[in-house]
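Student: I've got a model open and a few things to ask. Can we go through it together?

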Amino acid sequence: MIRRSIQTGTKQFGMCVSDTQNSFADYGCMLQIRNVHFLPDGRSVVDTIGGKRFRVLKRGMKDGYCTADIEYLEDVKVENEDEIEGLRQLHDLVYSQACNWFQNLRDRFRSQILQHFGSMPRREENLQATPNGPAWCWWLLAVLPVDPRYQLSVLSMKSLKERLTKIQHILTYFSRD
């Protein structure tokens, strides 16, 4: 699968968490291959970065691995000025809460996260500039120690307000003494 995505030039593939009933979850994320190292035994070490979110429409199989027809997800844009201002306030509050949570981690955990995931992306001025919302939300979701099914529920959300509220609940849980 990795070789094929490199040879075709797309350098990307979809990833879903496993699901006991359907083999893989109904939602996932496209991964862009940044680097790959093929091992002599046929395995590979792949460095990727997440891209577009998707919903699975139809499952399939090709050359021994799972495939799917998908549709990409985009956040529903907020138009009302009052709603935009409320969203901005919630965003700033949750971003600040996320920064505090990260700074209060033990040094060892913080350095492991930085080494593996890099720094938390900065706050974006235009919250609705991208179809997936602010990058820092996805970085945080990747580093928070939560069950993949919980991550999946956030991944499937098309409302930035709902996603920020869910992240806020997670941070509140982890920040309590």
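Student: Is E85 buried, exposed or partly exposed?

Tutor: This is a predicted model, where local features need pLDDT of at least 70, side-chain atom pairs count only at pLDDT 80 or more, and totals for chains, interfaces and linings use all residues. Numbering starts from 1 along each chain as its sequence is written, and side-chain values use heavy atoms, leaving out hydrogens and water. Buried means under 20% relative accessible area and exposed over 50%, with partly exposed in between (1.4 Å probe, protein chains only). E85 has a relative accessible area of 42%, so the label is partly exposed.

Student: And which helix is E85 found in?

Tutor: Helices are DSSP runs of H or I with at least four residues, and strands are runs of E with at least two, numbered from the N terminus. The run from 81 to 103 holds E85, and that's helix 2.

Student: Which helix gives the most to the largest nonpolar core?

Tutor: A nonpolar core is a set of buried Ala, Val, Leu, Ile, Met, Phe, Trp, Tyr and Cys residues joined through side-chain atoms within 4.5 Å. The largest one has 24 residues, and W101, W136, L140, L164 and L171 touch the most other members. Helix 2, helix 4 (135-143) and helix 6 (160-175) each supply at least two residues. With seven residues, the top giver is helix 2.

Student: Back to the surface: is Q12 buried, exposed or partly exposed?

Tutor: Q12 sits in strand 1, residues 12-15. Its relative accessibility is 30%, so Q12 counts as partly exposed.
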